[in-house]
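Here are my notes on the model you sent over. I've kept them as numbered points so you can go through them with the viewer open.

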Amino acid sequence: MSPLDDLRQLMRRDQVFDFMRQTSGLEVDMSHGIALYLENISVSFDGFKAINDLNLYIEAGELRCIIGPNGAGKTTMMDIITGKTSPDSGSAWFGQNIDLLHLSEPEISQAGIGRKFQKPTVFEFHTVFENLELSMAGNKGVWATLTAKLTAAQRERIDEVLKIIGLQQSCRELAGSLSHGQKQWLEIGMLLMQDPKLLLVDEPVAGMTHQEMDRTAEKVKMASLICSTR
Ligand SMILES: Nc1ncnc2c1ncn2[C@@H]1O[C@H](COP(=O)(O)OP(=O)(O)OP(=O)(O)O)[C@@H](O)[C@H]1O
Ligand SMILES: [Mg+2]
């Protein structure tokens, strides 16, 4: 292998992130006004019932906060919605046409469900702008993205997301140099670049100052507006 091939191989970070993989398109149908239906969901781990007969409906465009003590099953619920965990019983539908329990994690992501884990996952050695560029919907992989020119519309989209996450001033800085809170915001921005129809954000304010928490609430509200209007 030539050094260039080695480098290309190294840059295939899209293998790491599910949302960067290319899968077949599935168009969600929310014409009844419901984005997510969870019905009679139960799951046990070694006999311990982590979720017991959960029913939850999220409307299209709704911002819903789910609060519960440690171990209540919040993350497990997100694991079920995103295909990471299979429930023992119940059903999970995205809109009225996508049966989530029959899709893989990449297929669910491709269908328009974005998920942010508690720990921020950004490309530390790329700038804030590049992180957003790399996350863009329809992206053909890291190498192609970094060597291709952006269209005016793509640049506009990145600027729009930079504004939502409040990182315009830091757009040329390396993501690795951002504060913990700013990394969380950048990751929300990276998910928004994927044009999700439903965004799941697990403990977005963990480890943040009160001021950062307030700003995160504003950003999540703006993000939910964006999701509902696309
Ligand atoms: N893969 C797993 N194997 C075994 N037990 C698990 C697994 N995932 C979750 N659990 C258990 O299920 C319960 C629910 O956990 P979960 O992480 O969903 O709670 P949570 O509401 O997200 O809590 P936290 O606020 O601490 O993040 C816990 O008792 C946890 O230990
Ligand atoms: Mg959790």
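**Notes on the sheet, the ligand shell and the helices**

1. Let's begin with one pair in the sheet: L36 has I58 in β2 as its bridge partner. Keep in mind while you look around that this is a predicted model. The pair belongs to β1 and β2, which run antiparallel and are joined by eight bridges.

2. Stay with that hairpin for a moment. Two residues sit between the strands β1 and β2, and D46 takes a positive phi there, near 50°. If you check backbone torsions, there is another one to look at: G83, just after α2, has a positive phi of about 85°.

3. On to the other partner of β1. Strands β1 and β3 are antiparallel too, with five bridges between them. Here L38 stands opposite A92 in β3.

4. Then comes β3 (residues 89–94) with β4, an antiparallel pair joined by two bridges. W93 is bridged to D99 in β4.

5. Put together, the four strands make an open sheet, ordered β2-β1-β3-β4, with antiparallel pairing. Which strands are at the edges? They are β2 (48–59) and β4 (98–99), each of which pairs on one side only.

6. Now the ligand. Around ligand 1 you'll find F45, A50, G68, N70, G71, A72, G73, K74, T75 and T76. By type, that shell splits into six polar residues, three nonpolar and one charged. Which helix gives the most to the shell? That would be α2 (residues 74–81), with three residues.

7. Helix α2 deserves a second look for its buried residues: M77, D79, I80 and I81. I'd click on D79 in particular, as one of the buried residues in this helix. The cover over the buried residues of α2 includes β1 (34–45), β2, β3, β5 (113–116) and β6 (198–201).

8. Last, a helix pair. The axes of α6 (residues 152–165) and α7 (residues 180–192) come within 9 Å and cross at roughly 145°. The crossing of α6 past α7 is right-handed. On the α6 side the contact is made by V161, I164 and I165, and on the α7 side by W185, L186, I188, G189 and L192. Seven residues of this contact are nonpolar and one is polar, with no charged ones. As for the spacing along α6, an α-helix has 3.6 residues a turn, so residues three or four places apart point the same way.

Conventions: Residues numbered from 1 in each chain as written. Chains lettered and ligands numbered in written order. Predicted model: local features only at pLDDT ≥ 70, side-chain atom pairs only at ≥ 80, totals over all residues. Near = placed C-beta within 6 Å. Nonpolar A, V, L, I, M, F, W, Y, C, P; charged D, E, K, R; others polar. Pairing = 2+ DSSP bridges. Buried ≥ 20, exposed ≤ 12 C-beta atoms within 10 Å, placed from the backbone. Contact = placed C-beta atoms within 7 Å. Axes fitted to C-alpha atoms, helices over the stretch in contact; angles between N-to-C directions. Left-handed = near helix turned anticlockwise from the far one by under 90°.
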